[in-house]
Amino acid sequence: MSFADLLAYAGGALTGHRLRTALSMLGVAIGVASVVLLTALGVGARNYVTDQFASLGTDLLIVAPGHTETTGGVPGLGGTPRDLTLDDGRAVLRSVRGVLQASPVVMGSEAVSFGDRSRDVAVVGTSSEYAEIRDLHVAAGQFLPPGDWDRGAPVAVLGHDLAQALFVARDPVGQVIRIGEFRMKVIGVLAKLGVNLGVNFDEVVMVPAATNMRMFDRTSLFRLLLKTTPGADLDAVQRDVKAVLVERHAGEQDFTLITQDALASSFSAIFNALTAAIAGIAAISLSVAGIGIMNVMLVSVSERTSEIGLLKAVGAESRQILAAFLLEAVLLSLAGGLVGLAVGWAGLEAVSALYPEFPVRPPGWAVAAALGVSLVVGALFGVLPARRATRLDPVAALHG
């Protein structure tokens, strides 16, 4: 029997039992589609987060209150961590040569209303430098005015969607809104930006940092953003910032310095591990599909006992019969794998259409591995039925 004969024989057996073949293919297709979809989503999530951090630029240094590293001190005997204050930001800007700009950030959540329209949104307290550091653009009016961080003027800048929701067709600039119990004058509207690092800038209201701290009765900043001068040594800047703040905080490092590269690397490592884990979990379904193929092939051998006996009687060798049944199992798994790839790609296209900003493309290794594993699964689980077929006695097989 030539390879063409074997292929025709295996193909005829599969098309002769269409429903059974389709159900067996379905198991493989689900496994392959799961691998393609889940790995693409995992890699897409990693790339999305990496791009978000890359948008900050490599010249950004973030100071957060509280120290995240474990120390050797006895718990409960240390001093209370000091607030990260506006004065700390001014001291860093004044003392560290490598710092070009600084911007305080204070966060809160409150109802913002105009007339009979109201919306609960994030209230970000910051300064005029924030727009340049985070690359924000104003669609109408102006951003927060420059000046002393302590002034806390009653002005606000609205996110694009928030402005439309509150004012519909009216011009927001110059109108007075309420943020909780505070009356604020709208001086600007941000250009549409979307979500960036967990903050939806289209659904936000921005006010001066001191105003925000007064609204929510806060004394500590949420973050202090520092933009370094072009070409500055970021490690040296970190050391100088640390020295200034430690001196101001009575010798205690009760704050954390975060760089964009460190954040991106941490998230990338996490998403790589998650992608490998979910790909492994999805691959388990291929093993289950392989068991299904084995069951189908065992039934096929039982149903074609007389046929196998006839093949042996006319001179077919055991290795040819083995090859025929193995080829049948491989064709079954290959067809299921190709269907799974098509389903997986269709699912990714649907995700891309719903979330165009989310990059979902499966890595090449995932596609190759899914198809390769499906073929290996078909061959491995087809061995037992194929060997059973070769061991049949020709005379007994002819009698069924």
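1. In this predicted model, the side chains of Lys192 and Asp161 meet in a salt bridge, with 3.0 Å from N to O. Lys192 belongs to the loop between β7 (182–190) and β8 (195–196), while Asp161 is in helix α5, so the contact ties together parts that are 31 residues apart in sequence. Lys192 counts as exposed because its relative accessibility, 53%, is over the 50% cut-off. Asp161 is partly exposed, at 23%.

2. The count of salt bridges comes to nine. Among them is the one between Asp88 and Arg248, whose closest N and O atoms are 2.6 Å apart. This pair links distant parts of the chain: Asp88 sits in helix α3 (residues 86–95) and Arg248 in helix α7 (residues 234–248), 160 residues apart. The acidic partner, Asp88, is buried, with a relative accessible area of 2%. Arg248, by contrast, is partly exposed, with 38%.

3. Glu203 and Arg119 form another salt bridge, with 3.2 Å between the closest N and O atoms. Here too the pair links distant parts of the chain, 84 residues apart: Glu203 is in the loop between β9 (199–200) and β10 (204–208), and Arg119 is in strand β3 (residues 117–126). The relative accessible area of Glu203 is 19%, so this residue falls under the 20% cut-off and is classed as buried. Arg119 is partly exposed, at 32%.

4. Salt bridges also join Asp87, Arg90, Asp148 and Asp150 in a network.

5. On aromatic contacts, the count comes to one aromatic pair. Phe114 and Phe167 form this pair, with 4.3 Å from centre to centre and 40° between the planes. The geometry is classed as tilted because the angle is neither under 30 degrees (stacked) nor over 60 (edge-to-face). Phe114 lies in strand β2 (residues 99–114) and Phe167 in helix α5 (residues 160–167), so that the pair links distant parts of the chain, 53 residues apart. Both rings belong to buried residues: Phe114 has 13% relative accessibility, and Phe167 has a relative accessible area of 2%. Helix α5 therefore appears in two of the contacts discussed here, through Asp161 and through Phe167.

6. A charge also sits over a ring: Arg223 lies over the face of Phe222, at 4.2 Å from the ring centre.

7. The largest nonpolar core has 21 residues. Which of its members touch the most other members? They are Val63, Val92, Val96, Val99, Leu221, Leu226 and Val241. Two or more residues each come from β1 (60–65), α3, β2, α6 (209–215), β11 (223–228) and α7. The largest share, four residues, is given by α7. Helices α3 and α7 thus both contribute to the core, and the salt bridge between Asp88 and Arg248 links the two helices as well.

8. On the surface, Leu19, Leu23, Leu26 and Ile30 form a nonpolar patch, with about 420 Å² of accessible area together. Ile30 lies in helix α2 (residues 18–54). The relative accessible area of Ile30 is 46%, so this residue is partly exposed. Ile30 qualifies for the patch because 46% is over the 30% required of a patch residue.

Definitions and conventions:
Residues are numbered from 1 along each chain as its sequence is written. This is a predicted model: local features need pLDDT of at least 70, side-chain atom pairs count only at pLDDT 80 or more; totals for chains, interfaces and linings use all residues. Side-chain values use heavy atoms; hydrogens and water are left out. Patches are made of residues with over 30% relative accessible area and no salt bridge: like charges are joined within 9 Å, nonpolar side chains (Val, Leu, Ile, Met, Phe, Trp, Tyr) within 5 Å. Accessible areas come from the Shrake-Rupley method with a 1.4 Å probe; for residues, only the protein chains shown count as cover. A salt bridge is a side-chain nitrogen of Lys or Arg within 4 Å of a carboxyl oxygen of Asp or Glu. Buried means under 20% relative accessible area, exposed over 50%, partly exposed in between (1.4 Å probe, protein chains only). Rings of Phe, Tyr and Trp (its six-membered ring) pair if their centres lie within 6.5 Å; planes under 30 degrees apart count as stacked, over 60 as edge-to-face and the rest as tilted. A charge sits over a ring if NZ of Lys or CZ of Arg is within 6 Å of the ring centre and within 35 degrees of the ring normal. A nonpolar core is a set of buried Ala, Val, Leu, Ile, Met, Phe, Trp, Tyr and Cys residues joined through side-chain atoms within 4.5 Å.
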